[in-house]
Amino acid sequence: MVSVAVAIVWMKDLIAVVMLLGIYGLLTASFFVAMDAVDVAFTEASVGAGISTLLLLVAIAKTKRAEHPVRHKPMLALLVVVVTGGLLIYGTFDMPIFGIAEAPAHTHVAQRYIEDSYAEVGIPNIVTSVLASYRGFDTFGEVVVIFTAGIGVLGLLTVSGGTGRRNQEITTKKMHEQHKVLRIVAKILIPFMLLFALYVQFHGDYGPGGGFQAGVIFAAGIILYAMLFGMNTARRVINQTLIQLIAALGVLLYGAVGMLSFVNGGTFLDYSVLLTDPIAGQHLGIILIELGVGLTVTAVITIIFFSFAGREEIQDYRNDTGA
């Protein structure tokens, strides 16, 4: 009884820490708004206070009181992490001092973006111009990394024979059914969350937002739905094969825009050659690649969530049935 009481108190404290982290994320987002960095504030609010808090709460909900014994010592993995961390720290020694006015980013790059981006790209939001046009190749690499991470998680956590009829037979502990107030409120809020995600997606050219922020907000709505209405219900609504296809489709859309620019006589991801008017071509290219980013981010976060939740459900099923 004492150990159970200690575990309950520890779990409540851990939940309180997670909620404090979410509040800290919202406060940090407000600081970015005060400093006119609204795009960064969007990212912090959606990732730091939104999706991270949800994933941590899901992890806490699936954490058991007893820890499985460690059967191996991953010394090689520890060595790789230490070496990689040391190389990253060593690389920071060549970086300019934080906040120094003479840094190249302040004396050359930032000034060029501020003065010439609207004339060259024709988009009021300079952040979108930088990420989607000037640094389009880097952003493409980030999308590929996100897609690779999703595929890696899917490959590592996929359990052989864990799909199909067995998943339909799994009976989970539906604690969400006890929270009727949350379910009713969620039914009202989730459609507005998804609608706001679409607004952030297609309004990123003219205001704060873009594919990364929209994808996280959309995925947060899906995760919230799954947490409140159950994984079985969420799987009937959200087809897992389709989600995996969307993740690949987003990356392919981004790359296809770059190849189309190349075929039309420009360089890779040079959107100005997509249409007769270079500015209109920039608009079209940015809208398409931002859509690809949003699709990939939404799908990968959803894949990661369902992979973790599905692995836990199958393990619970095996424990209950002795399979």
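**Contacts, cores and pairs in a predicted model**

Visitor: Leaving aside its neighbours within four places in sequence, which residues is tyrosine 254 in contact with?

Guide: Tyrosine 254 is in contact with Gly136, Thr139, Phe140, Val143, Leu269, Tyr271, Ile289 and Val293. Contact here requires heavy atoms within 4.5 Å. The model is predicted.

Visitor: Which residues have the most contacts inside the largest nonpolar core?

Guide: They are Tyr254, Tyr271, Ile301 and Phe306, in a core of 36 residues. Helices H2 (38–61), H6 (136–157), H9 (211–229), H10 (231–237), H11 (240–263) and H12 (278–321) each supply at least two residues of this core. H12 gives the most, with 11 residues. A second, separate core has five residues, including Phe42, Ala197, Val200 and Ile217.

Visitor: What makes a set of residues a nonpolar core?

Guide: Its members are buried nonpolar residues joined through side-chain atoms within 4.5 Å. In soluble globular proteins, nonpolar side chains tend to be buried together.

Visitor: What does helix H8 hold that is buried?

Guide: Ala186, Ile190, Ala197, Val200 and Gln201 are buried in H8. Ala197 and Val200 are also among the residues of the second core.

Visitor: How do you know what span to expect for H8, and what span does H8 reach?

Guide: H8 covers residues 180–202, which is 23 residues. The expected span is 1.5 Å times one less than the number of residues, and for H8 this comes to 33 Å. From its first C-alpha to its last, H8 reaches 34 Å, which is close to that value.

Visitor: Where in H8 does a kink lie?

Guide: The kink is at lysine 187, shortly before proline 191, and amounts to about 30 degrees. The angle is taken between axes fitted to the seven residues ending at a residue and the seven starting there.

Visitor: Why is the contact of arginine 112 and aspartate 116 called a salt bridge?

Guide: Their side chains meet at 3.3 Å, N to O, and the cut-off is within 4 Å, so the pair qualifies. Side chains of opposite charge can pair when their charged atoms come close. Both residues lie in helix H4 (residues 104–121), four residues apart, and are therefore separated by about one helical turn.

Visitor: How many salt bridges does the structure hold?

Guide: The structure holds four salt bridges. One of them joins arginine 112 to glutamate 120 at 2.9 Å, N to O. Another joins arginine 135 to aspartate 138 at 3.5 Å, N to O. Through shared partners, Arg112, Asp116 and Glu120 form one network.

Visitor: Why is arginine 112 called partly exposed?

Guide: Its relative accessible area is 38%, and partly exposed is what remains between under 20% and over 50%, so arginine 112 belongs there. Aspartate 116 at 28% is partly exposed, and so is glutamate 120 at 35%. In the other bridge, arginine 135 has 26% and is partly exposed, while aspartate 138 is partly exposed at 39%.

Visitor: How many aromatic pairs does the structure hold?

Guide: The structure holds eight aromatic pairs. In one of them, phenylalanine 137 and phenylalanine 268 have ring centres 6.0 Å apart and planes at 75 degrees. The centres lie within 6.5 Å and the angle is over 60 degrees, so this pair is edge-to-face. The pair links helix H6, which holds phenylalanine 137, to the loop between H11 and H12, which holds phenylalanine 268, 131 residues apart.

Visitor: Is phenylalanine 137 buried or exposed?

Guide: Phenylalanine 137 has 57% relative accessibility, and exposed means over 50%, so phenylalanine 137 counts as exposed. Phenylalanine 268, at 28%, is partly exposed. Phenylalanine 305 and phenylalanine 306 also form an edge-to-face pair, with 5.5 Å centre to centre and 85 degrees between the planes. Phenylalanine 305 is buried at 4%, and phenylalanine 306 is buried at 4%.

Visitor: Which residues form one aromatic cluster?

Guide: The cluster consists of Phe137, Phe140, Tyr254 and Phe268.

Visitor: Why is glutamine 282 called buried?

Guide: Glutamine 282 has a relative accessible area of 7%, and the cut-off is under 20%, so glutamine 282 is buried. Its place is in helix H12. Not counting residues up to four places away in sequence, glutamine 282 touches Glu120, Val121, Ser133, Asp270, Tyr271 and Ser272.

How values were computed: Residues numbered from 1 in each chain as written. Predicted model: local features only at pLDDT ≥ 70, side-chain atom pairs only at ≥ 80, totals over all residues. Heavy atoms only, no water. Buried < 20%, exposed > 50% of the residue type's maximum accessible area, 1.4 Å probe, protein only. Phe/Tyr/Trp six-rings, centres within 6.5 Å; stacked < 30°, edge-to-face > 60°.
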